[in-house]
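Student: I should like to go through this model by asking how each label is justified. Could the reasoning be set out step by step?

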Amino acid sequence: MIKVLLLFLLLIAGIVLGPILAGHQGYVLIQTDNYNVETSVTGLVIILILTMVVLFAIEWVLRRIFRTGARTRGWFLGRKRSRARKQTKAALLKLAEGDYQQVEKLMSKNADHAEQPVVNYLLAAEAAQQRGDEIRANQHLERAAELADNDQLPVEITRVRLQLARNENHAARHGIDKLLEVAPRHPEVLRLAEQAYLRTGAWSSLLDILPAMEKVQIGDEAHREVLQQQAWIGLMDQAMADQGNDGLKAWWRNQSRKTRHQTTLQVAMAEHLIECDDHDAAQEIIIDGLKRQYDDRLVLLMPRLKSGNPEQLEKVLRQQIKTQGDRPLLQSTLGQLLMKHGEWQQASDAFREAIKQRPDAYDYAWLADSLDKLHKPEEAATMRRDGLLLTLQNNSNP
């Protein structure tokens, strides 16, 4: 650059000094309406050179001024960014302490200059919600939405989380439905969807997200199984509430065979039918379930049945005793059924078998009632006393 400048200066010097040394400076006339400017070629060149020097000087001065302004602005912005960074770190510490008032204050104070301003505003919104200040929470949330541009997913997730915190459950469900359209396997969206659907009774929607929850490992298998059962029972409640017993049975028939063979759902369906006073349909489901797989929960429902065909239940119980062994629950349940139609001797024998395997205060009481019917008051009194002692013993040893 210096060489070019030197060459340029030598060229100018040649133009200026050459005519002087040669004695021929030339003549230049610049004429306007009101003025005539007369000079030599050498003088004109010198004027041009001086003009360029002045222009370069002005440019240099202006550049220095604007550069100083940019540096000043950069210094101020740097200070704000540094301050925002320190305040964000302090806010995270306050978050760990649970001081939500300070979290909101520190997160939002210089949020516009933070490294991730959207994150700052979202955390400030959640902190304000924790304090119960919904107005401030909404303000921070809207500011985050303005800064997020096209990446609105974290903003909408936070919005749904705040709505659930305020128990605005149906609004949260509306937001979740939209989020699932754009992020159907997002872990936090699925967690929030679980809450929203449980609170609003959206049982079909809850069943729909269970496969996605399994793929991204939201909760363990036991947790998802509980959700599935809760959803199915919720659908039963809806069918029964909308159309009564007939609607409930129609809904059950429309389910897949795999669904109808789930023991937990069979138990729930039988309980609903008993509540609807349809004992024959409940008995059919219980017997069908026991034929496929033994389960204590199905057996426990038998004494609640007001069956028109008790012999069928007794037959099923005796078959279960042969296949499953002398389980005390089977013997106790058989004894209760035999009592209902006056088979006192067989009932007492069944209760004795149950007590032999597992002493139980209820079995003692039922056995005593059976013995009373068999006109054995002394033995009945003994059974009641043993049952009372067992109850006292169990109460003293929780």
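**From values to labels**

Tutor: The protein chain has 19 helices and 2 strands. The model is a predicted one. Of the 398 residues of the chain, 37% count as buried. Among contacts between residues at least 6 apart in sequence, 50% join residues at least 24 apart.

Student: What makes Glu 142 and Arg 159 a salt bridge?

Tutor: The closest N and O atoms of Glu 142 and Arg 159 are 3.2 Å apart. The cut-off for a side-chain nitrogen of Lys or Arg and a carboxyl oxygen of Asp or Glu is within 4 Å, so the pair qualifies. Glu 142 lies in helix α5 (residues 134-148) and Arg 159 in helix α6 (residues 153-165), so the salt bridge ties together parts that are 17 residues apart in sequence. The structure holds 17 salt bridges.

Student: Why is Glu 142 called partly exposed?

Tutor: Its relative accessibility is 39%. Buried requires under 20% and exposed over 50%, so Glu 142 falls in between. Arg 159, with a relative accessible area of 21%, is likewise partly exposed because its value is not under 20%.

Student: How do you know that Arg 191 and Glu 188 are about one turn of the helix apart?

Tutor: Both residues lie in helix α8 (residues 187-200), and they are 3 residues apart, about one turn of the helix. Arg 191 and Glu 188 form a salt bridge, with the closest N and O atoms 3.4 Å apart, a value within 4 Å. Arg 191 has 40% relative accessibility, and therefore counts as partly exposed. Arg 191 and Glu 188 also belong to a network of salt bridges that links them with Glu 126 and Arg 161.

Student: Which label, exposed or partly exposed, applies to Lys 356 and which to Glu 353?

Tutor: Lys 356 has a relative accessible area of 62%, which is over 50%, so Lys 356 is exposed. Glu 353 has 26%, so Glu 353 is partly exposed. The side chains of Lys 356 and Glu 353 meet in a salt bridge, at 3.4 Å from N to O. Both residues lie in helix α17 (residues 344-357), 3 residues apart, about one turn of the helix.

Student: How do you know that helix α10 is not straight?

Tutor: Helix α10 (residues 221-253) has 33 residues, and a straight helix of that length would span 48 Å at 1.5 Å a residue. Between its end C-alpha atoms, α10 spans only 27 Å. The bend is about 135 degrees and is located at Gln 243.

Student: Which residues touch the most other members of the largest nonpolar core?

Tutor: That core has 71 residues, and the ones touching the most other members are Ile 176, Leu 180, Tyr 197, Ile 209, Met 236, Ile 286 and Leu 290. Helix α10 supplies the largest share of this core, 10 residues. The core draws at least three residues from each of domain 1 (220-322) and domain 2 (326-397). Apart from it lies another core, of 12 residues, among them Val 118, Ala 128, Ala 144 and Leu 162.

Student: Which residues does Leu 180 touch, not counting residues up to four places away in sequence?

Tutor: Leu 180 touches Val 189, Leu 190, Ala 193, Tyr 197 and Ile 209.

Student: Why is the phi of Gln 217 worth remarking on?

Tutor: Most residues other than glycine have a negative phi. Gln 217 is not a glycine, yet has a positive phi of about 60 degrees. Gln 217 is placed in the loop between α9 (203-215) and α10. With a relative accessible area of 55%, which is over 50%, Gln 217 is exposed. Asp 277 also has a positive phi, near 65 degrees. Asp 277 lies in the loop between α12 (263-275) and α13 (279-292), and its 55% relative accessibility makes Asp 277 exposed.

Student: What makes Thr 323 exposed?

Tutor: Its relative accessible area is 59%, which is over 50%, so the label follows. Thr 323 has its place in helix α15 (residues 310-324). Thr 323 and Tyr 294 are 29 residues apart in sequence and 9.6 Å apart in space, C-alpha to C-alpha.

Note on methods. Residues are numbered from 1 along each chain as its sequence is written. This is a predicted model: local features need pLDDT of at least 70, side-chain atom pairs count only at pLDDT 80 or more; totals for chains, interfaces and linings use all residues. Side-chain values use heavy atoms; hydrogens and water are left out. Helices (H or I, at least four residues) and strands (E, at least two) are DSSP runs, numbered from the N terminus. Buried means under 20% relative accessible area, exposed over 50%, partly exposed in between (1.4 Å probe, protein chains only). The expected span of a helix is 1.5 Å times one less than its number of residues. The bend at a residue is the angle between axes fitted to the seven residues ending there and the seven starting there. A nonpolar core is a set of buried Ala, Val, Leu, Ile, Met, Phe, Trp, Tyr and Cys residues joined through side-chain atoms within 4.5 Å. Domain bounds come from an automatic or database domain assignment. Contact means heavy atoms within 4.5 Å.
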